[in-house]
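Got your viewer open? Here are some worked exercises to go through with the model in front of you.

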Amino acid sequence: METLLHSDALARFGHALSDPTRTQILLSLRTGPSYPSDMAEQIGVTRQILSNHLACLRGCGLVVAVPEGRRSRYELADVRIGAALGDLLGLVLAVDPACCPVADSEGCC
């Protein structure tokens, strides 16, 4: 049972990282909380696209929305997510691009 829980958690994390926009959002939040409009401008996507990806990341349990008046600020759900991203960035992988096609960057879950 525990193995299934671990497998599910890693699959959610992998799904989140499988999209370049979601990866950019997570890396952006690694440096601190941010507002959707600021992230959309920084990443270079529309606010609607960013909103869809934030909904996916919330569903995966990786980010949380913190209400601030009429706005919401987003942050990583757990500081360990930022540490895990840092660890992953530190890895060097030799990948044959022909074996790993670029994932469809539109859509989500």
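What follows is a set of tasks on this predicted model, each with a stepwise solution.

**Exercise 1. The overall layout**

Work out how many helices and strands the protein chain has, and in what order they run.

*Solution.*
- Step 1: Count the elements. The protein chain comes to 5 helices and 2 strands.
- Step 2: Put them in order. Starting at the N terminus, the elements run α-α-α-α-β-β-α.
- Step 3: Add the burial figure. Of the 109 residues in the protein chain, 25% count as buried.
- Step 4: Check the contact range. Take contacts between residues at least 6 apart in sequence: 58% of those join residues at least 24 apart.

**Exercise 2. How α1 sits against α2**

Find the angle at which the axes of α1 and α2 cross, and say which residues meet.

*Solution.*
- Step 1: Get the geometry. The two axes, of α1 and α2, come within 6 Å and cross at roughly 105°.
- Step 2: Classify the angle. Angles of 65 to 115 degrees count as roughly perpendicular, and α1 and α2 are therefore roughly perpendicular to each other.
- Step 3: List the residues. From α1, His15, Ala16 and Leu17 meet Arg22, Thr23 and Leu26 of α2.
- Step 4: Sort them by class. The contact of α1 with α2 has 3 nonpolar, 2 polar and 1 charged residues.

**Exercise 3. Turn to α4**

Do the same for α2 and α4: at what angle do the axes cross, and which residues make the contact?

*Solution.*
- Step 1: Get the geometry. The axes of α2 and α4 come within 10 Å, with a crossing of roughly 75°.
- Step 2: Classify. That makes α2 roughly perpendicular to α4.
- Step 3: List the residues. On the α2 side you'll find Thr21, Arg22, Ile25 and Leu26; on the α4 side, Leu50, His53, Leu54, Cys56 and Leu57.
- Step 4: Sort by class. The residues of the contact of α2 with α4 split into 6 nonpolar, 2 polar and 1 charged.
- Step 5: Zoom in on Thr21, which lies in helix α2. At 10% relative accessibility, Thr21 counts as buried. Leaving aside neighbours within four places in sequence, Thr21 is in contact with Val45 and His53.

**Exercise 4. And now α5**

Describe the packing of α2 (residues 20-30) on α5 (residues 79-90), then look at what Gly82 touches.

*Solution.*
- Step 1: Get the geometry. Helices α2 and α5 pack at an angle of about 115°, and their axes are 9 Å apart.
- Step 2: Classify. That makes α2 roughly perpendicular to α5.
- Step 3: Check the hand. The crossing of α2 and α5 is left-handed.
- Step 4: List the residues. Leu26, Leu27 and Arg30 in α2 meet Gly82, Leu85, Gly86 and Leu89 in α5.
- Step 5: Sort by class. The contact of α2 with α5 has 4 nonpolar, 2 polar and 1 charged residues.
- Step 6: Zoom in on Gly82. At 11% relative accessibility, Gly82 counts as buried. Not counting residues up to four places away in sequence, Gly82 touches Arg30 and Leu76. The C-alpha atoms of Gly82 and Arg30 are separated by 5.0 Å, although these residues are 52 residues apart along the chain.

**Exercise 5. The nonpolar core**

Which members of the largest nonpolar core touch the most other members, and which element gives the most residues?

*Solution.*
- Step 1: Pick the hubs. Of the 19 residues in this largest nonpolar core, Ile25, Leu26, Met39 and Leu62 touch the most other members.
- Step 2: See who contributes. α1 (2-17), α2, α3 (36-43), α4 (47-59), β2 (71-76) and α5 each supply at least two residues of this core.
- Step 3: Find the top contributor. α4 gives the most to this core, with 4 residues.
- Step 4: Follow one hub. Not counting residues up to four places away in sequence, Leu26 touches Ala16, Leu17, Leu57, Leu62, Val63, Leu76 and Leu85.
- Step 5: Keep the background in mind. In soluble globular proteins, nonpolar side chains tend to be buried together.

**Exercise 6. Buried or partly exposed?**

Decide whether Ser34 is buried or exposed, then do the same for Leu88.

*Solution.*
- Step 1: Recall the cut-off. Buried means under 20% relative accessible area.
- Step 2: Apply it to Ser34, in the loop between α2 and α3. At 12% relative accessibility, Ser34 counts as buried.
- Step 3: Check the contacts of Ser34. Setting aside residues up to four places away in sequence, Ser34 touches Leu29, Met39, Arg73 and Tyr74.
- Step 4: Move to Leu88, found in helix α5. At 41% relative accessibility, Leu88 counts as partly exposed.
- Step 5: Check the contacts of Leu88. With residues up to four places away in sequence not counted, Leu88 touches Phe13 and Leu17.

Terms used
Residues numbered from 1 in each chain as written. Predicted model: local features only at pLDDT ≥ 70, side-chain atom pairs only at ≥ 80, totals over all residues. Heavy atoms only, no water. Axes fitted to C-alpha atoms, helices over the stretch in contact; angles between N-to-C directions. Parallel < 35°, antiparallel > 145°, perpendicular 65-115°, else oblique. Left-handed = near helix turned anticlockwise from the far one by under 90°. Contact = heavy atoms within 4.5 Å. Nonpolar A, V, L, I, M, F, W, Y, C, P; charged D, E, K, R; others polar. Core = buried A, V, L, I, M, F, W, Y, C linked by side-chain atoms within 4.5 Å. Buried < 20%, exposed > 50% of the residue type's maximum accessible area, 1.4 Å probe, protein only.
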